[in-house]
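Here are my notes on the model, as numbered points. Please read them with the structure open.

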Amino acid sequence: MNPLAQQLNETLQKESPNVYAMLSNLGKAIYFPKEGILSQSAEAKTKANKYNATIGIATEGGGPMHLKLIQDTLSAYEPKDLYEYAPPGGKPELRTAWRSKMVKDNPSLEGLPFGNPIVTNALTHGLSIVADLFADVGDAIVIPDKNWENYELTFGIRRGAVIVEYPLYNEHTRFNSAGLREALLAQKDKGKAIVVLNFPNNPTGYTPDAHEGEEIVSAIRDAAEAGVNIVAVTDDAYFGLFFEDSLQESLFSKLATLHPRVLAVKVDGATKEEYVWGFRVGFITYASPSQATLAALEQKTLGIIRSTISSGPHPSQTFVLHALQSPQFDAQKAEKFDIMKGRASRVKELLDSGRYGDDLPYYPFNSGYFMCLKLTKVSAESVRRHLLDQYGIGTIALGETDLRVAFSCIEEDNLEELFDTIHKAVTEVAAP
């Protein structure tokens, strides 16, 4: 094993032995090189005052070489903020700005011990880092039965972990904290579990309320006290889009110092929150009372980034930083929030109006981009195909009964026609 990896492992064994026990074999072996091209280039950047012949970019006239036709479309930005490689951990100013945003949006984080966010190539990349660092063959990934299908690819197919599902809703159509607790305690013999908490949930658009949030935290604490080391990941892709009486903060705050056997990891980003899907700017953040542990985890994370994508795109990081620093940011975010909330409210108003009888039952939703119908009279796939073939309307069928509808991409004035047509399709498919 490389001495740098061994040194990081020794730090974790000393500072946070339970976190060390959570690492996968790859997580134990990975490190960020201190004597490679990047580190030497970084050193040269501060000391090479005459010529810097280290990094693999081209320069001209004291700045990054670039094509005028490209720069003309980006004239508001300096070439140095666009064309150079961003550091593997991301643009430092952006990391600082995002950390400040996290605390502003989650006041409970104030004063808690958590690291500086590390920039990822959006959220899927952040989740894959979690998988690489902590998931080995046979490890349990605990998620609800209503989940984003990419978890299977990221943790199951790529890393050989076992997907352990529990019902998202209990018999009262509330979050099934008892099911979560049972699924975690079932890993006692393994002594380890990775739990992914995705709120607002994709595909249902459900976020637990404060009481349910406490139940979730209690379930994780109970499993930790039973001897299970838990990597608790908050997949906060749709964070902030809370339209009704639900949690208004990420559970990362409550998990940060919950128990020595719990490592809280926050995966979030500008992708959905700031409506910049194609920018691919996300973040991964760790919590630990030990600064040495945070430093070691950051180095291992940088090792994963260096060995996969090397570093994220610089221009989009600059664009997001510019937005975060703008005095117009909060007002424009609030404007888009109101639009999204209006769409969600209109969907619920239509479904609760009685106009569709009992043909369009739905799972509780209060947040995010989506809602999910629970079709009990016909198959969701049959309705999806009928809507697409007969009416040119696209939806997502998940399993036998669930039809996901993204109200996020439908203007509020068009929602009535959309759901009227869905209802028509259901009745037509059900007709003998």
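Helices are DSSP runs of H or I with at least four residues, and they are numbered from the N terminus. The model is predicted.

1. **A nonpolar surface patch.** Start with helix α5, which spans residues 68-71 and contains I70. I70 joins L67 and L69 in a nonpolar patch on the surface. Together the three have about 300 Å² of accessible area. The relative accessible area of I70 is 36%, so this residue is partly exposed.

2. **The seven-stranded sheet.** In what order do the strands of the open sheet of 7 strands run? The order is β3-β9-β8-β7-β6-β4-β5, and the pairing is mixed. The edges belong to β3 (118-120) and β5 (162-166). Each has a single partner strand, so one side of each has no neighbour in the sheet. From one strand to the next, the twist averages 25°.

3. **Strand β7.** Is β7 (residues 229-235) enclosed or open to the outside? Its residues are buried, 7 of the 7, so the strand is largely enclosed by the rest of the structure. Both faces share in this. N229, V231, V233 and D235 point one way, I230, A232 and T234 point the other way, and all are buried.

4. **Neighbours of β7.** On one side, β7 runs parallel to strand β6 (residues 192-197), joined to it by 6 bridges. Within this pairing, I194 has V231 as its bridge partner. The connection from β6 to β7 passes through helix α10 (residues 210-225), and this β-α-β crossover is right-handed. β7 also pairs with strand β8 (residues 262-269), again in the parallel sense and over 6 bridges. Here V233 faces V265 of β8.

5. **Where the sense changes.** Which strand pairs with β8 in the antiparallel sense? Strand β9 (residues 282-286) does, over 5 bridges. V265 stands opposite Y286 of β9. V265 is also the residue opposite V233. Follow V265 on screen to step through these pairings.

6. **Salt bridges: E214 and K254.** Side chains of opposite charge can pair when their charged atoms come close. The model has 30 salt bridges. One of them joins the side chains of E214 and K254, at 3.0 Å from N to O. E214 belongs to α10 and K254 to helix α11 (residues 252-255), so the bridge ties together parts 40 residues apart in sequence. E214 is partly exposed at 40% relative accessibility. K254 is partly exposed too, at 39%. Note that α10 is also the helix of the crossover between β6 and β7.

7. **Salt bridges: D420 and R355.** These side chains meet at 3.2 Å, N to O. D420 sits in helix α17 (residues 415-430), and R355 sits in the loop between α15 (329-351) and β10 (370-374). The pair therefore ties together parts that are 65 residues apart in sequence. D420 is partly exposed, with a relative accessible area of 27%. R355 is partly exposed at 39%. Which residues are linked with D420 and R355 in a network of salt bridges? They are R346, E349 and E416.

8. **Salt bridges: K377 and D359.** The closest N and O atoms of this pair are 2.8 Å apart. K377 lies in the loop between β10 and α16 (380-391), while D359 lies in the loop between α15 and β10. The bridge ties together parts 18 residues apart in sequence. Is D359 buried or exposed? D359 counts as buried, at 16% relative accessibility. The cut-off for buried is under 20%. K377 counts as partly exposed, at 48%. Partly exposed ends at 50%.

9. **The three-stranded sheet.** A further open sheet has 3 strands in the order β10-β12-β11, with antiparallel pairing. β10 and β11 (396-398) stand at its edges. Each has a single partner strand, so one side of each lacks a neighbour in the sheet. The twist averages 30° from one strand to the next. β10 pairs with strand β12 (residues 402-406) over 5 bridges, in the antiparallel sense. In this pairing, C372 stands opposite R404 of β12.

Conventions. Residues are numbered from 1 along each chain as its sequence is written. This is a predicted model: local features need pLDDT of at least 70, side-chain atom pairs count only at pLDDT 80 or more; totals for chains, interfaces and linings use all residues. Side-chain values use heavy atoms; hydrogens and water are left out. Patches are made of residues with over 30% relative accessible area and no salt bridge: like charges are joined within 9 Å, nonpolar side chains (Val, Leu, Ile, Met, Phe, Trp, Tyr) within 5 Å. Accessible areas come from the Shrake-Rupley method with a 1.4 Å probe; for residues, only the protein chains shown count as cover. A salt bridge is a side-chain nitrogen of Lys or Arg within 4 Å of a carboxyl oxygen of Asp or Glu. Helices (H or I, at least four residues) and strands (E, at least two) are DSSP runs, numbered from the N terminus. Buried means under 20% relative accessible area, exposed over 50%, partly exposed in between (1.4 Å probe, protein chains only). Two strands pair if DSSP finds at least two bridges between them. A crossover is right-handed if, with the strands pointing away from the viewer, the path from the first strand over the helix to the second runs clockwise. Axes are lines fitted to C-alpha atoms, for helices over the stretch in contact, and angles run from 0 to 180 degrees between N-to-C directions.
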